[in-house]
Amino acid sequence: MSRVAAIDCGTNSIRLLIADASADRASGPLADVVREMRVVRLGQGVDATGELAPEALERTFAATRDYAELIKVHGAGRVRFAATSATRDARNRQVFVDGIRDLLGVEPEVISGDEEAALSFAGASSVLPATGKDPILVVDLGGGSTEFVLGDDDGVIAARSVDIGCVRLTERHLRSDPPTHAQIAAAEADVDAALDLAAQTVPLDRATAVVGVAGSITTITAHALGLSEYQPNRIHGASLDLETISDACTNLLEMTRDERAKLPYMHPGRVDVIGAGALVWRRILDRLASVSSGRIDTAVSSEHDILDGIALSIRDAE
């Protein structure tokens with residue numbers, strides 16, 4: 001067994017997984033030692049300014065300092081730090097790269113959208129039942145981008161990353177509380193255009209099932225289930241019909257920020273952006289229902305995603 005540490009730094013959150021991994025790759029998923037998540041909103045304003053804000057960088061560096069201490073305490077031998085959409089888009093990303101290197105002692109990787117998609121699929125599929133040659137679609141709905149990955153038991157068939165996410169669309173369109181019909185329509189137009197773009201690469205009509213990952217989707221699932229608190233064991237693997245999910249999305253989108261803040265499973269860092277996440281997820285599922293001629297009528301939520309994929313990539317590189 002070897003102990004690895006994976007860090008996923010996205011547009012909204014930065015997450016740490018310290019896990020024990022067997023050299024025998026057939027031995028199954030990683031054994032968690034530590035899972036941590038901090039909402040640092042690294043992508044604050046990036047869509048408008050093209051740069052990472054100084055206060056967003058400091059929040060991210062503060063979380064990284066804490067993660068570096070946890071990695072030391074738990075004795076992780078190998079570390080991989082992957083940064084995604086917000087950092088890809090920023091002109092001043094070298095400030096971020098230099099700061100993380102100084103704090104963590106490893107070179108942070110600003111990964112491409114394609115690699116992000118592949119890692120998301122690897123993480124989600126690592127804990128799913130074997131599907132054989134029936135392609136499944138993994139959707140990773142992030143803060144700045146969303147990844148669409150079609151794959152089967154042999155791996156990725158096609159993948160595409162597009163620039164729609166809960167932070168990006170909130171800042172771009174959903175400024176009112178709650179958002180207006182005009183703002184919602186403008187955001188939906190962006191999602192539709194992104195789906196058209198994704199479909200140029202990923203044959204969405206080939207999917208036999210859909211799995212959603214990342215915090216927006218798992219929070220929507222908690223809302224649809226009516227949980228009394230955030231319960232990963234209830235959320236992971238939950239399969240819900242599309243009408244139930246759509247109703248939950250519409251409800252979250254139409255709530256005020258104060259109403260969302262009172263939900264017992266809502267992380268404070270998601271209160272202001274979950275409406276946009278719900279809009280994106282609802283629109284994606286509407287498209288999938290349409291192109292599959294009703295074959296896809298449910299969606300599964302997974303608590304395992306790109307973070308697990310990063311950890312698995314460390315193991316597989318050994």
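**View 1. The hairpins around strand 7.** A four-residue hairpin connects strand 6 to strand 7, and another, of two residues, takes strand 7 on to strand 8. Everything shown here comes from a predicted model, so local features need pLDDT of at least 70 and side-chain atom pairs count only at pLDDT 80 or more, while totals for chains, interfaces and linings use all residues. Residues are numbered from 1 along each chain as its sequence is written, and side-chain values use heavy atoms, with hydrogens and water left out. Helices (H or I, at least four residues) and strands (E, at least two) are DSSP runs, numbered from the N terminus. Strand 7 pairs antiparallel with strand 6 over six bridges and antiparallel with strand 8 over seven bridges; two strands pair if DSSP finds at least two bridges between them. To find your way around, look for Val 138 and its bridge partner Val 149 in strand 7, then for Phe 148 opposite Arg 160 in strand 8.

**View 2. Both faces of strand 7.** Is strand 7 mostly covered or uncovered? Covered: seven of its seven residues are buried, where buried means under 20% relative accessible area, exposed over 50% and partly exposed in between (1.4 Å probe, protein chains only). Thr 146, Phe 148, Leu 150 and Asp 152 point one way, Glu 147, Val 149 and Gly 151 point the other way, and all are buried.

**View 3. The six-stranded sheet and its helices.** Pull back a little and you get an open sheet with strand order 8-7-6-9-11-10 and mixed pairing. Strand 8 and strand 10 (239-241) sit at the edges with a single partner strand each, so one side of each has no neighbour in the sheet. On average, neighbouring strands of this sheet are turned by 25° against each other, direction ignored. Axes here are lines fitted to C-alpha atoms, for helices over the stretch in contact, and angles run from 0 to 180 degrees between N-to-C directions. At the strand 10 edge, three bridges join this strand to strand 11, and the two run antiparallel; Asp 241 stands opposite Thr 298 in strand 11. Helix 7 packs on the sheet against strand 7 and strand 8, its direction making about 150° with that of strand 8. Helix 12 lies across strand 6, strand 7, strand 9 (209-213) and strand 11, and runs at about 160° to strand 6.

**View 4. The largest nonpolar core.** A nonpolar core is a set of buried Ala, Val, Leu, Ile, Met, Phe, Trp, Tyr and Cys residues joined through side-chain atoms within 4.5 Å. The largest one has 51 residues, and those with the most contacts inside it are Leu 137, Phe 148, Val 210, Ile 220, Ile 245 and Trp 281. Helix 12 gives the largest share of this core, nine residues. Zoom in on Ile 220: leaving out residues up to four places away in sequence, its contacts (heavy atoms within 4.5 Å) include Ile 245, Leu 252, Ile 274 and Trp 281. Apart from this core lies another, of 27 residues, with Leu 16, Val 40, Phe 96 and Ile 100 among them.

**View 5. Ile 296, tucked into a loop.** Ile 296 belongs to the loop between helix 12 and strand 11 (298-302). Is Ile 296 buried or exposed? Buried, with a relative accessible area of 3%. Ala 209 is 87 residues away in sequence, yet its C-alpha is 6.1 Å from that of Ile 296. Residues touched by Ile 296, not counting those up to four places away in sequence, include Ala 207, Val 210, Leu 242 and Ala 289.

**View 6. The five-stranded sheet.** This open sheet runs in the order 3-2-1-4-5, with mixed pairing, and its edge strands, strand 3 and strand 5 (109-110), each pair on one side only. Strand 1 (residues 2-9) and strand 2 run antiparallel and are joined by eight bridges; Asp 8 has Arg 15 in strand 2 as its bridge partner. Helix 13 packs on the sheet, touching strand 1, strand 2, strand 3 and strand 4, with its direction at about 140° to that of strand 1. Helix 2 (residues 54-74) lies across strand 1, strand 2, strand 3 and strand 4 (78-83), running at about 10° to strand 2.
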